[in-house]
Amino acid sequence: ELRQLTLNCFMSRSVDAEVVAKPLQSMRHLELLDLNFGCSMSPFDADAIGRSLAGLTKLKQLRLDFSQRLKLRSVDELGRALGCLVLLEELWLNLFSCMQVSSVQELGLGLQSLAARGGSLKRARLRASHCRSVRSIEELGKGLCQQRSLGELSLNIYGLSEVK
């Protein structure tokens, strides 16, 4: 049973998220998942990855790098999946320069759901710098504040325009 998976597709031009997401759904024993899809002009469906995460209830460490994925539009399903990952101790999410992502609200709501279900997130590193379409981080802030076990937090949001 596979417990750790690292997949580095950095600068890959034509990675289909569905091709990665489908086998993930059956990897129910994963404790560490590290996916790097950064630096590409190609469209990418991060929501497909998000939908595959909801069933990975044994995950303790989740590292997702979508940095400079210039045509990435949504991370809503990633946020929804967070609420299901009650064993998650470490979250690392890099959205640096994902200029078409317009909302991180679902990430915040997912963190709130995680806390309500007794999750024990200990470390979080979230980078949403230069996501110029994001207008509010209110729900994200609420979700982070509700993490009772959080001992380490790195939140980088510089370069956002008109954030509330």
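So, before anything else, one bit of bookkeeping: Ala, Val, Leu, Ile, Met, Phe, Trp, Tyr, Cys and Pro count as nonpolar, Asp, Glu, Lys and Arg count as charged, and the others, Gly among them, go down as polar. Keep that in mind for the cavities. And a reminder that what you're looking at is a predicted model.

Okay, cavities. Searching the whole structure turns up two of them at 30 Å³ or more. Let me take the second largest to begin with. There's about 40 Å³ of space in there, and the residues around it are Leu53, Leu62, Leu64, Leu78, Leu82, Leu91, Leu93 and Leu107. Which elements give two or more residues to that lining? Those are strand E3 (61-65), helix H3 (76-82) and strand E4 (90-94). By class, the lining comes out as eight nonpolar, no polar and no charged residues.

Now the largest cavity. That one holds about 50 Å³. Its lining is Leu93, Leu95, Val104, Leu107, Leu126, Arg127, Ala128, Leu140, Leu155 and Ile157. The split here is nine nonpolar, no polar and one charged. The charged one is Arg127, because Arg goes in the charged class. And if you were listening for repeats, Leu93 and Leu107 turn up in both linings.

Right, on to the loop between strand E2 (32-36) and helix H2 (46-53), which is where serine 40 sits. Buried or exposed, what is serine 40? Its relative accessible area is 6%, so serine 40 is buried, given that the cut-off is under 20%. Its side chain also makes a polar contact of 3.0 Å with the side chain of arginine 69.

Cysteine 39 is in that E2 to H2 loop too. Here the backbone is worth a look: cysteine 39 isn't a glycine, yet its phi is positive, about 65 degrees. Most residues other than glycine have a negative phi. As for accessibility, cysteine 39 is partly exposed at 23%.

There's another positive phi at glutamine 68, about 55 degrees, and again that's not a glycine. Glutamine 68 is in the loop between E3 and H3. With 33% relative accessibility, glutamine 68 counts as partly exposed.

Last stop, the start of the chain. Glutamate 1 lies in the segment before strand E1 (4-8). Its relative accessibility is 68%, so glutamate 1 counts as exposed, the cut-off being over 50%. Glutamate 1 and glutamate 31 are 30 residues apart along the chain, and their C-alpha atoms are separated by 11 Å.

That's my lot, thanks.

Conventions
Residues numbered from 1 in each chain as written. Predicted model: local features only at pLDDT ≥ 70, side-chain atom pairs only at ≥ 80, totals over all residues. Heavy atoms only, no water. Helix = DSSP H or I, 4+ residues; strand = E, 2+ residues; numbered from the N terminus. Buried < 20%, exposed > 50% of the residue type's maximum accessible area, 1.4 Å probe, protein only. Polar contact = N/O pair within 3.5 Å; in protein donor to acceptor, adjacent residues only side chain to side chain. 1 Å grid on protein atoms, 1.4 Å probe; cavity = no way out; pocket = protein on both sides within 12 Å on 5 of 7 lines; lining within 4 Å. Points joined across faces, edges and corners; volume = space filled by probe spheres on them.
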